[in-house]
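The following paragraphs offer a guided reading for someone meeting this structure for the first time. Please keep the sequence and the model in view while reading.

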Amino acid sequence: PQTIYRKDYTPPSYLVDTVELGFDLDPARTIVANRLTMRRNPASAQREIELYGEELELVALRLNGKTLGKRDYRIEGNLLRIAHAPEEVTLEIETLCAPEKNTALSGLYVSNGNFITQCEAEGFRRITYFPDRPDVMARYTVMLRADKERFPVLLSNGNLVEEGELGDGRHYAKWEDPFPKPSYLFALVAAKLVCQEEKFQLADGREALLQVWVEEGNLDKTDHAMQSLKRSIRWDEERYGLELDLDRFMIVATGDFNMGAMENKGLNIFNTKYVLANPRVATDVDFQGIEAVVGHEYFHNWTGNRVTCRDWFQLSLKEGLTVFRDQEFSGDMIGTSSGRAVNRIDQVRTLRQVQFPEDAGPMAHPVRPDSFVEINNFYTVTVYEKGAEVVRMYQTLLGREGFRKGMDLYFERHDGQAVECDDFRSAMADANGRNLDQFERWYSQSGTPVVQAEGRYDESARTYTLKLSQSCPPTPGQPDKLPFHIPVAVGLLGASGRDLPLTIDGKELGTTAVLELTESEQNFVFSGVAESPTPSLLRDFSAPVVLKYGYSDAELLHLFSHDSDPVNRWEAGQRLSMERLLKLTEVAAAGGELSLDDTFVEAMRKILTDDTLDPAFREQALLLPSESMIADQMDVVQPLPIHTARQFMRAEIGARLHNELLATYRSQQTPGEYSADAESIGRRALKNLALAYLGATPAEQALALAQEQFSNATNMTDRVAALGALIHANAPAAPDALNRFYDEFEDEALVIDKWFAMQATAATTDVAKVRKLMKHPAFNMRNPNRVRSLISSFCAANPVQFHAADGSGYAFWAEQVIALDALNPQIASRLSRAMDRWRRYTPELQAYMKQALEKVAGQTKLSNDVREVVSKALS
Ligand code: HT7
Ligand code: ZN
């Protein structure tokens with residue numbers, strides 16, 4: 001397969017002004033008529049017209065009214081080239097495609113009898129021949145024709161301008177999008193759906209029609225998405241002065257979707273997982289996920305659609321920025337400072353659990369990659385979540401106001417354009433009169449920087465000197481790194497636990513100072529420091545780095561009890577837990593006797609019983625680092641001892657804090673009607689964590705509680721928490737509870753996904769059990785949500801069984817990657833990433849893993865998607 005390089009970018013040879021698309025929709029044989037007006041791009045030296053096409057049957061091609069014969073154009077792979085074309089052309093292209101055969105879910109496909117499209121990144125070329133690249137922006141008019149009975153609803157981007165009957169049972173709808181857009185934002189839906197709709201008043205007085213379209217049986221699950229959409233619109237108006245630019249904004253939910261959702265102009269298409277919710281079927285996490293994703297897609301309307309990417313290497317320009325925006329939105333919706341911190345802690349956890357490993361593995365790439373084989377492989381946590389951290393650092397360095405000035409300038413300069421990450425950085429720099437040249441390295445260098453800190457207190461001078469140094473490990477293709485521009489937010493705690501006032505070079509900096517580390521090593525001298533402090537470093541996780549500081553247990557306990565920065569308070573607890581978990585893992589691996597010190601248990605007790613702290617924060621502080629995070633800290637990973645150590649610690653906490661946990665369980669009930677507000681979510685989270693700890697002990701009482709909660713639950717959060725406690729304790733009641741759960745929710749696909757996922761991640765579920773579940777009538781290899789809930793959950797989140805000593809997990813993985821690749825390369829490729837860090841395991845496991853990787857790599861028929869991942873893993 002061919003590697004594409006960022007440095008090889010050339011502008012498009014022709015620009016497209018208008019696109020008229022006509023669809024005669026038929027699942028087996030859809031006819032697409034495409035009329036393009038194009039003109040030569042003065043910025044290009046290339047003279048040929050270049051159109052991409054994939055899986056299309058070309059029926060006719062006309063240029064300025066004249067039919068082109070085979071000699072007038074060439075088709076080379078996915079490219080159709082027309083040489084000697086005049087300066088201005090009208091191209092008419094007629095093609096055929098077969099949506100019902102499209103199992104890749106890219107382009108035009110059929111989902112549960114409905115027509116759906118997914119064009120990002122390169123799906124439009126599976127609909128018609130087109131210069132399918134994001135820097136070609138055009139105005140679209142779309143005519144849809146379909147059988148009225150089967151497809152009563154016909155939707156596309158922009159405004160509905162005409163609709164009517166065609167006779168012979170067919171009808172039509174014509175849509176016009178007033179905004180030029182790249183082809184990846186095109187969408188159509190032809191379906192049997194119903195909608196919840198509302199008129200919504202925009203800040204400038206206009207009224208917009210908002211619609212959430214779903215299948216008929218799901219109309220009782222759309223309200224949360226609608227409320228989230230309205231909150232998103234308001235938030236973007238208030239925080240960034242950005243308004244909805246259309247009269248109509250639609251969300252459509254589909255059960256077959258490769259990702260979470262898609263921001264097509266005015267017609268967002270969503271995975272049902274991020275639309276459908278009511279308390280009966282959705283958990284608190286689902287409710288929060290819906291708000292975040294609805295916000296994310298809506299915010300793309302400006303950051304992605306109005307200003308888009310010049311090429312796919314710039315993906316983080318829209319994704320990093322939009323993730324940052326959705327994170328800020330979620331934080332603002334919670335409102336309280338501790339709620340905001342819990343939100344931030346979640347982001348830090350994802351980053352450490354998923355992005356840091358990516359940065360340390362064979363697929364490591366910069367936020368703005370330099371090359372790729374398959375762009376779909378680069379919708380990654382690095383581009384999205386690390387990209388969001390990079391955007392957040394601008395705000396940390398420039399302040400909220402400075403950041404807003406940068407955003408304003410960005411839109412002023414680039415509205416309607418396809419631009420680069422550098423353009424965003426320039427807007428931030430210019431709007432604030434700052435030089436952000438060095439900051440560019442966050443876009444070009446991969447790997448997670450390590451910041452080493454050392455502190456020295458000089459009693460007589462009353463100074464505290466903080467020495468910060470930075471380095472970054474080598475990553476594929478980048479052996480050496482230059483220093484990053486790193487904002488390190490710092491506070492100093494006195495013995496009483498209070499923040500000390502901070503002064504550097506005579507400047508008073510309040511109680512949190514943002515230090516700018518730009519060199520390999522720098523000293524920062526705080527003056528007027530009255531006592532030897534405990535440093536609180538990298539407050540609010542001010543940069544995506546690994547921070548090293550030789551904290552003593554006493555210092556960590558001090559921070560865990562007192563740090564005014566809640567993220568660092570949580571962090572201190574994580575460090576205390578991690579140290580112990582690593583030691584316990586060593587002991588478990590050597591077959592020794594495990595024990596847990598009182599100091600640690602007492603610190604946990606203090607947090608658990610501190611009623612001045614929000615329940616949501618207490619839950620986070622009491623949650624132990626995951627098995628994969630422990631694995632990440634080890635040179636040679638041994639999944640079983642890690643599991644044993646963590647289970648031991650959970651059981652110890654459960655037993656030694658039994659009374660407090662029980663009291664917490666009882667005091668944090670949320671009686672009455674379900675509400676997805678932050679406080680109720682926090683109470684349920686703490687209550688269910690208490691249940692999980694209690695369930696980790698052999699005490700019968702805990703299982704009785706879980707059974708009672710399972711039977712009496714009035715919402716899905718409590719029901720799955722109880723079921724999880726029964727499953728993880730391998731309780732005798734678990735199989736019956738699972739059956740009851742299935743029977744009650746058989747018709748709710750998203751709940752059945754949970755049913756599969758809970759079983760897939762149970763430490764007792766081995767490969768044989770997964771194979772058995774794959775034979776269940778509800779399992780469907782063509783449905784990405786189902787595949788993710790069973791196969792991906794097993795491979796990515798059941799470390800003990802996936803890494804079984806006989807290599808059976810890896811053989812299973814290879815088999816499934818190969819089978820999926822024939823149906824849906826994007827989903828296969830995601831699954832293939834489960835083997836990324838195979839070189840970190842024991843030699844015995846490595847041998848099995850290599851064998852499995854080689855089996856996949858050895859397939860003659862393999863997608864570029866999977867081939868890129870497995871060959872990088874093996875290289
Ligand atoms: N921008 C969207 C990306 C997306 C996507 C990419 C590849 C294949 C399928 C896809 N579905 C959606 C989602 C987002 O970040 O908002
Ligand atoms: Zn996005």
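A pair of facing residues serves as the starting point: Val 490 stands opposite Leu 537, a residue of strand S32. The model in which they are seen is a predicted one. Strand S32 covers residues 534-537, and strand S27, residues 486-493, pairs with S32 in the antiparallel sense over 4 bridges. Is S32 covered on one face or on both faces? Both faces are covered, since Thr 534 and Ser 536 on one side are buried, as are Pro 535 and Leu 537 on the other.

From this detail the view may widen to the whole chain. Its secondary structure comes to 26 helices and 33 strands. The radius of gyration is 28 Å, close to the 29 Å that the globule rule gives for 875 residues, and the chain is therefore as compact as a globular protein of that length. Along the principal axes, the C-alpha atoms fill a box of roughly 85 × 65 × 60 Å. Of the 875 residues, 51% are buried. Among contacts between residues at least 6 apart in sequence, 70% join residues at least 24 apart.

One part of the chain carries a label from a record. UniProt, in an unreviewed entry, lists residues 553-874 as "domain: Peptidase M1 alanyl aminopeptidase C-terminal". Over residues 553-874 the chain is 71% helix and 0% strand. The C-alpha atoms at the two ends of that stretch are 41 Å apart.

Sheets come next. An open sheet of 8 strands follows the order S6-S5-S9-S3-S2-S12-S15-S14, with mixed pairing. Its edges are strand S6 (66-67) and strand S14 (159-167); each has a single partner strand, so one side of each is left without a neighbour in the sheet. Within this sheet, strand S5 (residues 57-63) is joined to S9 by 6 bridges, and the two run antiparallel. Ala 60 stands opposite Glu 94, which belongs to S9.

A second open sheet has 5 strands in the order S17-S18-S19-S21-S20, and its pairing is also mixed. Here strand S17 (194-201) and S20 stand at the edges with a single partner strand each, so that one side of each has no neighbour in the sheet. S17 and strand S18 (residues 207-214) run antiparallel and are joined by 8 bridges. One bridge partner is easily traced: Phe 200 is matched with Ala 208 in S18.

Strand S20 also leads to the ligand. Which elements each supply at least two residues of the shell around ligand 1? They are strand S20 (261-262) and helix H2 (284-299). In total, 15 residues surround ligand 1, and the closest are Glu 120, Asn 258, Met 259, Met 262 and Tyr 379. By class, the shell has 5 nonpolar, 6 polar and 4 charged residues.

Glu 120, one of the closest residues to ligand 1, also takes part in a backbone feature. A cis peptide bond, with omega at about 0°, joins Glu 120 and Ala 121. Ala 121 lies in the loop between strand S11 (114-118) and strand S12 (137-147). Most peptide bonds are trans, and most residues other than glycine have a negative phi.

Two asparagines depart from the second of these tendencies. Asn 64 has a phi near 45°, a positive value in a residue other than glycine. Asn 64 is placed in the loop between S5 and S6. With 11 other C-beta atoms within 10 Å, Asn 64 is exposed, because a residue counts as exposed at 12 or fewer. Asn 730 likewise has a positive phi, of about 50°, although it is not a glycine. The loop that holds Asn 730 runs between helix H17 (716-728) and helix H18 (734-745). Asn 730 counts as exposed because it has 10 C-beta neighbours inside 10 Å.

A last loop residue links distant parts of the sequence. Thr 103 is situated in the loop between strand S9 (88-97) and strand S10 (107-111). With 17 other C-beta atoms within 10 Å, Thr 103 is partly exposed. Which residues does Thr 103 touch, not counting residues up to four places away in sequence? Thr 103 touches Arg 782, Leu 823 and Asn 824. Thr 103 and Asn 824 are 721 residues apart in sequence, while their C-alpha atoms are 5.9 Å apart in space.

Definitions and conventions:
Residues numbered from 1 in each chain as written. Chains lettered and ligands numbered in written order. Predicted model: local features only at pLDDT ≥ 70, side-chain atom pairs only at ≥ 80, totals over all residues. Near = placed C-beta within 6 Å. Nonpolar A, V, L, I, M, F, W, Y, C, P; charged D, E, K, R; others polar. Rg over C-alpha atoms; globule rule 2.2 N^0.38 Å. Buried ≥ 20, exposed ≤ 12 C-beta atoms within 10 Å, placed from the backbone. Contact = placed C-beta atoms within 7 Å. UniProt positions renumbered as here; feature names shortened; annotations may be inferred. Pairing = 2+ DSSP bridges.
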